[in-house]
Amino acid sequence: MAHLRLDNSLIERARRAAATVAADVVAFIEPRTTISVERAVLRLLGVDGVNRRDVSLPNVVVDQLQRERLLGRGAAFWVGSAMVAGLGDSPQAVAAAVAERMPAGSWHTLAADPVAVERALAPFITAGWARVDAARDACDALVDELGESPPPWLYVIVASGNIFEDVSQARTAVAAGADVIAVIRSTAQSLLDYIPYGTTTEGFGGTFATQANFALMRAALDEESRRAGRYVRLTNYASGLCMPEITVAAALERLDMLLNDAKYGIIFRDINMQRTLIDQQFSRRIVARANIIINTGEDNYLTTADAYEQAHTVIASQMINQALARLAGMADEQMGLGHAFEMNPALPDGFLWEVAQAQLVRELFPTCPIKYMPPTRYMTGNIFQGHVQDTLFNVASVLTRQSIHLVGILTEALHTPLMQDRYLSLKAASYVKNNMAHLGEEIEFRPGGRIERRANETLRAATEMLEEIAAIGLFAAIERAMFADIARSREGGKGLEGVLLKGPEYWNPFGVMEGLKVRKVEGW
C-alpha cells in the first residue's frame, strides 16, 4: 500500500505526550467513582427491572445509598451486606425488597464483615462475567460460521423512534449491503440519568437505548446475517450520564460497537468532564472484556471548527483516546478512532487535504479499526451535489484503507433519510469499494508532494498541541476550547453531583479485567 514519509521523531513525541495526558487523567479517576458506575456494578450483579413507579431498580438502590452518604464503600458492598442480613438471597431480591420496604436511613445498620459479603456475592460476580463472556463468544462463533465483509464495513444509521420500525429499516439496509447497523439514540437521552425500561415506540430524532431494544435488534440482525451469508454488526451509543450502564447492557446483549467517547459528551452535550471521564474509564474496562469496538467522536470537532485549520486537533484527540483506552485494558483492534470528510468543497485541492488527513490517521493507528464519517457540514439541499461529495468521500475511504465507513446520505441536509436514500447511498459506496478495491496498492504519494507535506504539517501541529496539553492537563485544555472551539468548565455541566470519592474500604468486584480475548480483522 502507498505510504507517507512521516517524521518518526514527531510521532514518538506525540505518543509520549498523549501517555502523559492519559496517566494524569487516570490518576484523577482512580480515587473516585460515580453513581452511574455503581449502578453498572449492580446491573452486572443481575439487578434489573423497575419498581411500582417505573423507577429503575439500580437507580432506587444507588439513590438511597447516595442520600445516606454510603456510596464511598461501593454499592456492591452494601447489597452484599443486605444479603448477609437476610434481606434477599440475590442482588435482584435485595433490590426488589429495598424498593418495597427499605426505611430511609437504615442502610448503615446492615454493614457486614467484608469476607462474608464477598462470599455472598461470589456466585453473582462469576455469573456476571460469564454472561459477558458468553455474549462475546457467541458473536465470535457467528463470525466464524458466516464470515464477514472486507473493510471498509458499510455503516448505516436507523433512527425512527420506534424500535420495531427500526428493525424493519435495518433488515432493508442489510439487504442493500450494510455491514453495520447503528441505532441512533433519541435526542438528549445522553442527559437522562437512568435507562428507560423495555421496548420503546416513541422517540424524537432517534430511538431510546434500552436493553430490551438492544436484544430485539440483535435477534433481527442474527436472522439477516444468516440470510445474507455474512455477519452484520450492531452499534449504539454508550455516552452521556448512563455511559457505564449502557455499556453493560450492550455487553450482555451482544452489541459489536459502541460510540464511547467522554470528550464528545463533555463538548457537545455539556456533561461534566469529571463525571464522564470517570464513567468512560470503567466503561472501557467492560468493553475490553466484551471485545466491543468503540467509536470515538473526533469527527464532530469538524462540525464546529474548520476542518483544514483544526485538523491537528483530531489527531491530538485520537492519540489521547488511544492512550486512555490502553490504560483501561483495551487492545488497539478495539479502538474505532473517528475522523470525517469535512473540508469546505470550495477549498482548492480540498480532496488532497482530505486524503492527507485520512492517510495520516491510517498510518498513525495501523491496527485500529478507523471510523470515517461522511460530509455533513457543507451538505446542501442539492441532492445531486451531495451525492458527488459522498462519492469523493467513498473514494478517499477506499484509497486510504479506512475500516468503518458511515455511508453518506444524499438527503443529509433535507430530512431524516428514507430507506430509498440509504439504498442509493449503499449502492454508491459498494460501487466504489468494488471498482477501486486495490487502488491504494497501485499508487505512491510523491515524496515531498502536497499530500505528504500537509500530513507532516498536521502531525507537527498535533504534537505541539499534545505537549501543551501534557503541561496543563486535559481538564485545562477543554476549558481553553482546544477541541472543537468549544470551552467547558471542570465544575460545570450536567452530572457533577454524581461524582464521589472512594472510601478506604471501597470495593468494586468488576474493577479488574481478566479473560480478555480480541478478534483481529484482516485489512485494517
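**A helix crossing, a buried serine and an open sheet**

Let's start with one side chain. A polar atom of the side chain of Ser 283 lies 2.8 Å from the backbone oxygen of Asp 279. Keep in mind that this is a predicted model.

Where does Ser 283 sit? It is found in helix α11, which covers residues 273–290. Is Ser 283 buried or exposed? Its relative accessibility is 0%, and buried means under 20%, so Ser 283 counts as buried. Now its contacts. Leave out residues up to four places away in sequence, and Ser 283 touches Met 243, Pro 244, Thr 247 and Asn 260.

Next, a pair of helices. Two packed helices are described by the angle between their axes and the distance between the axes. Take helix α4, residues 75–84, and helix α6, residues 114–146. Their axes come within 8 Å. They cross at roughly 95°. Angles of 65 to 115 degrees count as roughly perpendicular, and α4 and α6 are therefore roughly perpendicular to each other.

Which residues make that contact? From α4, we have Ala 76, Phe 77, Gly 80, Ser 81, Met 83 and Val 84. From α6, we have Pro 114, Ala 116, Val 117, Ala 120, Leu 121 and Phe 124. Sort the residues of this contact by type. You get 10 nonpolar, two polar and no charged.

Let's stay with one of them, Phe 124. Its place is in helix α6. The relative accessibility of Phe 124 is 22%. Partly exposed runs between 20% and 50%, so that is how Phe 124 counts. What does Phe 124 touch, not counting residues up to four places away in sequence? The list is Leu 44, Leu 45, Met 83, Asp 89, Ser 90 and Pro 91. Look at Ser 90 in particular. Phe 124 and Ser 90 are 34 residues apart along the chain. Their C-alpha atoms are separated by 7.8 Å.

Last stop, the sheet. It is an open sheet of nine strands, with parallel pairing. Read across it, and the order is β7-β6-β5-β4-β3-β2-β10-β9-β8. Which strands stand at the edges? They are β7, residues 335–336, and β8, residues 338–340. Each has a single partner strand, so one side of each is left without a neighbour in the sheet.

Now zoom in on one pair. Strand β4, residues 233–237, pairs with strand β5, residues 257–259. The sense is parallel, over three bridges. Here is one residue to find on screen: Thr 235 has Met 257 in β5 as its bridge partner.

Key: Residues numbered from 1 in each chain as written. Predicted model: local features only at pLDDT ≥ 70, side-chain atom pairs only at ≥ 80, totals over all residues. Heavy atoms only, no water. Axes fitted to C-alpha atoms, helices over the stretch in contact; angles between N-to-C directions. Helix = DSSP H or I, 4+ residues; strand = E, 2+ residues; numbered from the N terminus. Parallel < 35°, antiparallel > 145°, perpendicular 65-115°, else oblique. Contact = heavy atoms within 4.5 Å. Nonpolar A, V, L, I, M, F, W, Y, C, P; charged D, E, K, R; others polar. Buried < 20%, exposed > 50% of the residue type's maximum accessible area, 1.4 Å probe, protein only. Polar contact = N/O pair within 3.5 Å; in protein donor to acceptor, adjacent residues only side chain to side chain. Pairing = 2+ DSSP bridges.
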